[in-house]
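Here's a quick briefing to read with the structure open beside you. Take a look around first, then work through the points below.

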Amino acid sequence: MKHLPLACAAALACTLSIHGGTALAESSNSKSYSPGVADIMIATQVRHAKLWLAGDARNWDLADYEIDELKEGLEDIVKYFPVYKDVPVGQMIEATIMAPIKDVEAAVKAKDRARFTAAFDKLTAACNTCHQSANRPFIVVQRPTGSAFPNQSFAPKK
Ligand code: HEC
């Protein structure tokens, strides 16, 4: 610190170094941005839709990927937001949806479309059970009626 007055003798250099410090702080702040529960839910919604489109088309590799991503998002909530707006969402996720996720995984591994369809509907029901218990009965998810992703192919690789 003994060198500081010397460095600041040149006023311009001093200003530059202060601004440099600010810029550095800002960029490290933006690096520490992390998504909240609502952001993870939007991602979950996308994965839920893509999971259906993939499984419905018997694209088991993609379905496997989507259920895995869906699970990881929910696991992040358990880990980082166990209680959210006074709702014990972590426990609720463990209790309502982890078993249906396992069933979907098993159906995908078995490449069994009928089993997948049944497991997917149970998964969807679990999403809605949790929304009801979390005081969000107005958030209702369902089987997609079509693709919202015209730029992605869900057909299995030949
Ligand atoms: C804790 C139990 C829980 C489970 C399980 C759950 N959600 Fe949610 N979900 C929530 C909560 C709580 C919110 C509201 C978040 C907020 O208020 O910021 C929410 C919000 C949403 C939203 C609204 C997002 C928006 O901003 O429009 C969607 C869509 C959604 N969830 C989809 C799903 C899907 C699909 C599943 C199942 C694969 C699922 N959720 C499973 C608790 C859950």
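R58 sits in the loop that links α3 to α4 (60-80). Keep in mind that this is a predicted model. The backbone does something a bit unusual to spot here: R58 has a positive phi of about 60°, and it isn't a glycine.

**Two residues with positive phi**
- So is R58 buried, exposed or something in between? It has 15 C-beta neighbours inside 10 Å, so it counts as partly exposed, because a residue needs 20 or more to be buried and 12 or fewer to be exposed.
- K85 is another non-glycine residue with a positive phi, this one of about 50°.
- You'll find K85 in the loop between α4 and α5.
- K85 has 10 C-beta neighbours inside 10 Å, and therefore it counts as exposed.

**How α4 and α5 pack**
- Two packed helices are described by the angle between their axes and by how far apart those axes are.
- For α4 and α5, the angle is about 140° and the axes are 8 Å apart.
- That makes the two helices, α4 and α5, oblique to each other, because only angles over 145 degrees count as roughly antiparallel.
- The crossing of α4 past α5 is left-handed.
- Which residues make the contact? From α4 it's L74, I77 and V78, while α5 brings V89, G90, I93 and E94.
- Sort the residues in this contact of α4 with α5 by class and you get five nonpolar, one polar and one charged.

**Around the ligand**
- There are 23 residues around the ligand, and A38, M41, V89, C127 and C130 come nearest.
- Three elements give two or more residues to this shell: α3 (37-56), α5 (89-96) and α7 (113-133).
- Which element gives the most? That's α3, with seven residues.
- V89 is worth finding in the viewer: it is among the residues that come nearest to the ligand, and it is also part of the contact between α4 and α5.
- By class, the shell around the ligand has 17 nonpolar residues, five polar ones and one charged one.

**The whole protein**
- Zoom out and you can count seven helices and zero strands.
- Along the sequence, the pattern reads α-α-α-α-α-α-α.
- The protein has 158 residues, and 20% of them count as buried.
- Take the contacts with a separation of 6 or more: 54% of them are between residues 24 or more positions apart.

Terms used: Residues are numbered from 1 along each chain as its sequence is written. This is a predicted model: local features need pLDDT of at least 70, side-chain atom pairs count only at pLDDT 80 or more; totals for chains, interfaces and linings use all residues. A residue is near a molecule or strand if its C-beta atom, placed from the backbone, lies within 6 Å of it. Helices (H or I, at least four residues) and strands (E, at least two) are DSSP runs, numbered from the N terminus. Ala, Val, Leu, Ile, Met, Phe, Trp, Tyr, Cys and Pro count as nonpolar, Asp, Glu, Lys and Arg as charged, and the others, Gly among them, as polar. Axes are lines fitted to C-alpha atoms, for helices over the stretch in contact, and angles run from 0 to 180 degrees between N-to-C directions. Angles under 35 degrees count as roughly parallel, over 145 as roughly antiparallel, 65 to 115 as roughly perpendicular and the rest as oblique. A crossing is left-handed if the near helix is turned anticlockwise from the far one by less than a right angle, and right-handed if clockwise. Two residues are in contact if their C-beta atoms, placed from the backbone, lie within 7 Å.
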